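Subject: The structure I promised

Hi,

Here is the structure I said I would pass on. Have a look at it first, and my notes on what turned up follow underneath.

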Amino acid sequence: MNRNPADIGGEAAGPIDTVDHGMKFWEKQANALRNTLTGGKVVRLDELRRAAEELGDRYYRLGYFERTTEAMRNLLLEKGLFTRSELEGKIEEVRRRYDS
């Protein structure tokens, strides 16, 4: 049976960590970006969930905010809001600023 990552009904889940660990700065930024994109109706939550589920095995290896951020990136690329080349150029620009 081929199950998607969200289809976990009946599976053993193990212990649940209920401690609030807070959010790292970049996680707060990722959360704000997701809220902005969904609030502005640029993306819908069902699209974001689909994009996350399409990460395949990476879905299980990534943390929540890593998974969400990667899914947002893939979805925005899919929608043509920017190109992979534009994204890579911007990432390089930010890295140069950070390194100097």
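Glu70 is found in helix H4 (helices are DSSP runs of H or I with at least four residues, strands are E runs of at least two, and both are numbered from the N terminus). Glu70 counts as buried because its relative accessibility is 14%; buried means under 20% relative accessible area, exposed over 50%, and partly exposed in between, with a 1.4 Å probe and protein chains only. Setting aside neighbours within four places in sequence, Glu70 is in contact with Leu55, Arg58 and Leu62, where contact means heavy atoms within 4.5 Å.

Before you read on, two notes on the ground rules. This is a predicted model, so to speak of a local feature takes pLDDT of at least 70 and side-chain atom pairs count only at pLDDT 80 or more, while totals for chains, interfaces and linings use all residues. Residues are numbered from 1 along each chain as its sequence is written, and side-chain values use heavy atoms, with hydrogens and water left out.

The overall picture

The protein has five helices and zero strands, so the pattern along the sequence reads α-α-α-α-α. Its radius of gyration is 16 Å, well over the 13 Å that the globule rule gives for 100 residues, so the protein is more spread out than a compact globule. (That radius is taken over C-alpha atoms, and the rule is 2.2 Å times the number of residues to the power 0.38.) Along the principal axes, the C-alpha trace spans about 50 × 30 × 25 Å. Of the 100 residues, 23% are buried. Among contacts with a separation of 6 or more, 59% are between residues 24 or more positions apart. The accessible surface comes to about 7900 Å², with 53% of it belonging to carbon and sulfur atoms; areas come from the Shrake-Rupley method with a 1.4 Å probe, and for residues only the protein chains shown count as cover.

Helix H2 and the core

Helix H2 covers residues 45-53, and its buried residues are Glu47, Leu48, Ala51, Ala52 and Glu53. What do they pack against? The buried residues of H2 pack against helix H1 (25-39), helix H3 (58-61) and helix H4 (64-78).

The largest nonpolar core has 12 residues: Leu37, Val43, Leu48, Ala51, Ala52, Leu55, Tyr59, Leu62, Ala71, Met72, Leu75 and Leu76. H2 and H4 each supply at least two of them, and H4 gives the most, with four. (A nonpolar core here is a set of buried Ala, Val, Leu, Ile, Met, Phe, Trp, Tyr and Cys residues joined through side-chain atoms within 4.5 Å.)

Leu48, in helix H2, is a good core residue to click on. Leu48 is buried, with a relative accessible area of 6%. Beyond neighbours within four places in sequence, Leu48 is in contact with Arg34, Thr68, Ala71, Met72 and Leu75. Leu48 and Thr68 are 20 residues apart in sequence, and their C-alpha atoms are 7.6 Å apart in space. With the same neighbours left out, Leu37 is in contact with Val42, Val43, Met72 and Leu76.

Salt bridges

How many salt bridges are there? The count comes to 11, taking a salt bridge as a side-chain nitrogen of Lys or Arg within 4 Å of a carboxyl oxygen of Asp or Glu.

Three of them for you to look up:

- Arg44 with Asp46: the closest N and O atoms are 3.1 Å apart. Arg44 is partly exposed at 49% relative accessibility, and Asp46, in helix H2, is partly exposed at 49%.
- Glu47 with Lys79: 3.1 Å, N to O. This pair links distant parts of the chain, with Glu47 in helix H2 and Lys79 in the loop between H4 and helix H5 (84-99), 32 residues apart. Glu47 is buried at 13%, whereas Lys79 is partly exposed at 35%.
- Glu78 with Arg50: the closest N and O atoms are 2.8 Å apart. This pair also links distant parts of the chain, Glu78 in helix H4 and Arg50 in helix H2, 28 residues apart. Glu78 is exposed at 52% and Arg50 is partly exposed at 29%.

Through shared partners, salt bridges join Arg44, Asp46, Glu47 and Lys79 into one network.

Cheers
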